[in-house]
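Colleague: Please take a close look at the second largest pocket for me. Which residues line the second largest pocket and lie closest to its centre?

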Amino acid sequence: MRKWILPEYVEDILPAEALRIEMMRRRIIDWLLVHGYELVGPPLLEYVESLLSGSGGDTDLRMFKVVDQLSGRMMGLRADMTPQTARIDAHLLNRKGITRLCYAGSVLHALPSGLTRTREPLQIGAELYGHTGLESDLEVQRLMLQTLAIAGIGGIHLDLGHVAVFRGLVRGAGIPAELETELFGVLQAKDICGLKELCSGLGKNVDAHARQALLLLPELYGDDKILALARKSLPEYPEILCALDGLETVALQLKPMVDTLAFDLADLRGYHYHSGMVFAAYTANCPNAIALGGRYDEIGKAFGRARPATGFSMDLRELAGLVRSDLYPKGVLAPYAQGNRALEERIAQLRSEGQIVVVELPGHENGQGTFNCDRKLVLQDQGWTVIGI
């Protein structure tokens with residue numbers, strides 16, 4: 001095998017794509033900054049216990065692990081920046097009020113999350129800590145949709161869900177923890193036959209209404225009529241009613257910002273750490289969600305301070321692949337300028353205006369094709385002038 005061959009689902013980013021990704025990252029970060037989200041930069045490598053705190057086994061299976069040669073402890077390469085940002089909020093900043101943080105950086109996955117996905121996503125996202133109400137849910141979801149628009153992604157379909165619907169059914173019906181895990185597994189896999197088998201074995205200790213509600217959950221996907229059906233069909237447990245009210249309120253606010261909106265009351269993605277509303281954005285020509293988020297109020301507890309939290313994240317590489325591919329910008333070719341003060345000043349002026357200026361090195365003149373230049377600097381009567389090549 002040639003030494004330069006990369007592992008599967010790992011690839012280089014070439015100049016045109018790298019520039020497109022970087023310009024998108026700058027626009028998104030600038031947008032988050034003006035909304036009060038402070039930029040943080042967590043380390044790529046941490047002790048495994050810290051990276052897994054509050055996330056259950058969801059992150060463990062995706063994480064690359066190495067042994068620290070200094071301490072002998074197991075370390076992990078981050079698979080998600082959300083727990084790291086929660087650690088910064090809870091343990092390092094330790095603020096009493098609301099904290100808004102954003103981040104951008106590479107994460108590594110032991111296995112790709114899909115056939116067309118990389119094992120090295122460029123994750124970018126925002127998190128809001130310290131507020132429990134729907135107002136913060138709405139702020140984060142609006143910000144996600146605005147961020148997608150800034151990235152040039154249109155035709156958004158938004159899915160809204162709430163883990164309290166399933167959790168409320170389980171708690172209200174008194175279903176034991178081991179059965180809860182099995183029910184979660186079949187619902188996550190949309191295994192209707194497995195769900196029927198489990199529900200039939202719940203016995204008389206579980207209310208018949210709750211059993212029917214569990215069987216109905218996979219069908220509770222669609223438009224506004226789904227909420228009406230859920231109110232009619234699900235037990236009137238306070239946790240469930242509160243979740244349905246919240247979904248209805250948020251949907252009314254977000255509908256003008258998306259092409260279509262649907263409810264998925266069986267969406268249990270991140271069930272082990274999400275505690276409230278969850279959401280996912282989709283667009284045409286992409287089978288996967290292009291942005292994900294939700295509420296996770298307990299994750300900071302592992303770092304000594306449980307804080308209400310909600311946020312979203314997305315993969316810059318995936319977003320960049322969905323927008324129109326612009327050609328790499330052309331530059332201006334300039335002659336070697338050492339000792340020529342007027343030429344050096346003219347080059348500095350062009351660069352200050354944002355233009356690319358490539359200076360020819362001695363022995364490599366007439367290389368405009370190599371330098372991707374379509375103009376050049378020439379000395380005329382009025383001074384150094386840019387002309388077409």
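Modeller: Happy to: I will begin with the pocket and then move on to some other parts of the chain.

This is a predicted model, in which local features need pLDDT of at least 70 and side-chain atom pairs count only at pLDDT 80 or more, while totals for chains, interfaces and linings use all residues. Residues are numbered from 1 along each chain as its sequence is written, and side-chain values use heavy atoms, with hydrogens and water left out.

The second largest pocket has a volume of about 260 Å³. A pocket here is an open set of points on a 1 Å grid that fit a 1.4 Å probe, with protein on both sides within 12 Å along at least five of seven lines; its volume is the space filled by probe spheres set on the points. Seventeen residues line the second largest pocket (an atom within 4 Å of a point), and those closest to its centre are T132, L134, H162, C242 and G276. Two elements, α5 (134–150) and α11 (238–254), each give two or more residues to this lining. Helix α11 gives the most, with six residues. Helices are DSSP runs of H or I with at least four residues, and strands are runs of E with at least two. By class, the lining of the pocket has five nonpolar, seven polar and five charged residues; Cys and Leu count as nonpolar, and Gly as polar.

Just ahead of α11, P235 lies in the loop between α10 (224–233) and α11. P235 is buried, with a relative accessible area of 4% (buried is under 20%, exposed over 50%, partly exposed in between, with a 1.4 Å probe). The C-alpha atoms of P235 and H209 are separated by 6.8 Å, although the two residues are 26 apart along the chain.

A similar link involves V378 in strand β15 (residues 373–380). V378 is buried too, at a relative accessible area of 19%, and its C-alpha atom is 7.7 Å from that of A334, 44 residues apart along the chain.

Aromatic rings come next. They pair if their centres lie within 6.5 Å, and count as stacked with planes under 30 degrees apart, edge-to-face over 60, tilted otherwise. That gives one aromatic pair. The ring centres of Y129 and Y296 are 6.4 Å apart and the planes stand at 90°, so this pair is edge-to-face. It links distant parts of the chain, since Y129 sits in strand β6 (residues 122–129) and Y296 in the loop between β11 (291–295) and β12 (309–315), 167 residues apart. Y129 is buried, with a relative accessible area of 1%, and Y296 is buried at 2%.

Two backbone angles deserve a glance as you turn the model. Most residues other than glycine have a negative phi. For Y9, phi is positive, near 65°; Y9 is found in the segment before α1 (15–34) and is partly exposed, with a relative accessible area of 34%. N285 also has a positive phi, near 65°, in the loop between β10 (277–282) and β11, and N285 is exposed, with a relative accessible area of 79%.

Finally, confidence: the mean pLDDT of the chain is 88, and 95% of its residues reach 70 or more, on the predictor's scale from 0 to 100. Among the elements, helix α3 (residues 57–60) has the lowest mean pLDDT, 72, and strand β1 (residues 38–39) the highest, 98.

Terms used: Rings of Phe, Tyr and Trp (its six-membered ring) pair if their centres lie within 6.5 Å; planes under 30 degrees apart count as stacked, over 60 as edge-to-face and the rest as tilted.
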